[in-house]
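Colleague: I'm new to this one, and I'd like to learn how to read it. Could you walk me through it piece by piece?

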Number of protein chains: 2
Amino acid sequence: MDDTTDDGEHIDGRRARGERRRAEIIEATLAVVTRDGAAGVTHRTVAKQAGTTTSLSTYYFATLDDLLVAALTSVADAYTARIRDIIDTPGDKLAGLARLIAESAGSGRERALAERELATLAARRPPLRPVARRWRENIAELAATLTDDPAAIAALVAASDGLCTAILLDNASADPDHIQAVLQRAVRD
Amino acid sequence: MDDTTDDGEHIDGRRARGERRRAEIIEATLAVVTRDGAAGVTHRTVAKQAGTTTSLSTYYFATLDDLLVAALTSVADAYTARIRDIIDTPGDKLAGLARLIAESAGSGRERALAERELATLAARRPPLRPVARRWRENIAELAATLTDDPAAIAALVAASDGLCTAILLDNASADPDHIQAVLQRAVRD
DNA sequence: GTACTAGTTGTACTACTGTTCAATTTTATG
DNA sequence: CATAAAATTGAACAGTAGTACAACTAGTAC
């Protein structure tokens, strides 16, 4: 058998399977956070959700904190990609951001809630803080393509964050036009 | 002995002491949230912090949820009073709000963090949600004294919330002037 | 004094927690 | 084939969780 890639690098089937398992466990963690909140995350609940054993969860993530860091990183990565898409795509960036925020009311609600729970955890766990900061840094980067005024950038970040809170906690209106109007207030001259 | 108030109502020393104890337990709960986060709140940790026994904590608050609701309510009440002060006091209301938000970086950091932790909990516990909404409703009321534009009101609420996040999670600048400038962007014509 | 109520304590039970570890299976290497 | 490495399992340990409950103390009313 020739177990090589096009690059000629060997692929260890064991490690590949391990990576898959690791990803499954992270996904299971997010499912648990979505269902029961961050407080519901234990090696046992995660393992059960992933259909494996407790020991395997500790095999990949020695401590619960490691697991939470990995889960938050995963969500942050996804959001980073989404925002980078908006930045790189020609067109109205504020409208794109408004649509992304509006998703927090529907399909993206679970993800947004999970991100928020983990971000709150981060306030108390230093290793989590850089990861939690990413969402805000990404918005700031998007804002920087629209204005040079630092106050306007800070205002857009704050508005985005506050709008998400409103949607998640207040069941506020998730009309993209309304959201865009609020965002526009932050960056207009 | 004449155990009556000016109104002539009898005061039961036992009940009075009970009310004091109840308040002490709530205060202890906030201290625990401040130190270890909402996840650190258990009947035992709270009782230890309050200098009483576990059973007494369950005597006043049958379930942990009851205790968390009471603690969040206490914080929300304090914030409500602060904001009402700003509304009722003549002068620049935005400057007052900016000073209040800036406190989240210093003396008020613990309180603000506790409120945020409990508010995040509230997303998942329906009985907590109305209490968690109060902070935002109060800001909206303050905003309503400055403008009639619903978008501007929503923008000020979102900006206030986002600025607090920035301070708590990013260690962002807590300069009242900077904060006021960002807030001003939300409500100006 | 007695009777009653509110507050308070210590104890105990069951359930679940993070974590460890030796044993086992699966896969790769030579 | 044999050997080693990675993945996976089951069981176990010690610690802590929520909660219930009977017993006890302190304050009230008559």
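Modeller: Sure. Let's begin where the copies touch: 100% of the interface residues of chain A are interface residues in chain B as well, so the copies meet through the same surface. Keep in mind that this is a predicted model.

Colleague: How many residues does each chain bring to that contact?

Modeller: Chain A gives 33 residues and chain B gives 33 residues. On chain A, the side that touches chain B gets at least two residues from each of helix 6 (109-122), helix 7 (129-144), helix 8 (150-170) and helix 9 (176-187). Helix 8 of chain A has the largest share there, with 16 residues.

Colleague: And what classes of residue make up the side of chain A that touches chain B?

Modeller: There are 20 nonpolar residues, five polar ones and eight charged ones on that side.

Colleague: What turn and shift lay chain A on chain B?

Modeller: A turn of 180° with a shift of 0.1 Å along the axis does it, and the RMSD is 0.1 Å. The two copies are therefore related as by a two-fold rotation axis.

Colleague: Let's look at a single chain. How many helices and strands does chain A have?

Modeller: Nine helices and zero strands. Read from the N terminus, the elements of chain A go α-α-α-α-α-α-α-α-α. Along the principal axes, its C-alpha atoms fill a box of roughly 60 × 40 × 30 Å.

Colleague: What part of chain A is buried?

Modeller: To read burial, you count neighbours: a residue is buried if 20 or more other C-beta atoms lie within 10 Å of its own. In chain A, 39% of the 189 residues are buried. You can also look at how far apart contacting residues sit in the sequence. Of the contacts in chain A with a separation of 6 or more, 62% are between residues 24 or more positions apart.

Colleague: Now the DNA. Which residues are closest to DNA strand C?

Modeller: The closest are G13(A), T42(A), G18(B), R21(B) and S55(B), out of 26 residues that surround DNA strand C. Chain A offers helix 1 (13-36), helix 2 (43-50) and helix 3 (54-60), and chain B offers helix 1 (13-36) and helix 3 (54-60), as the elements giving two or more residues to that surface. Helix 1 of chain B has the largest share, five residues.

Colleague: How does the surface near DNA strand C divide by class?

Modeller: It has 14 polar, eight charged and four nonpolar residues.

Key
Residues numbered from 1 in each chain as written. Chains lettered and ligands numbered in written order. Predicted model: local features only at pLDDT ≥ 70, side-chain atom pairs only at ≥ 80, totals over all residues. Contact = placed C-beta atoms within 7 Å. Helix = DSSP H or I, 4+ residues; strand = E, 2+ residues; numbered from the N terminus. Nonpolar A, V, L, I, M, F, W, Y, C, P; charged D, E, K, R; others polar. Near = placed C-beta within 6 Å. Least-squares fit on C-alpha atoms with pLDDT ≥ 70 in both. Buried ≥ 20, exposed ≤ 12 C-beta atoms within 10 Å, placed from the backbone.
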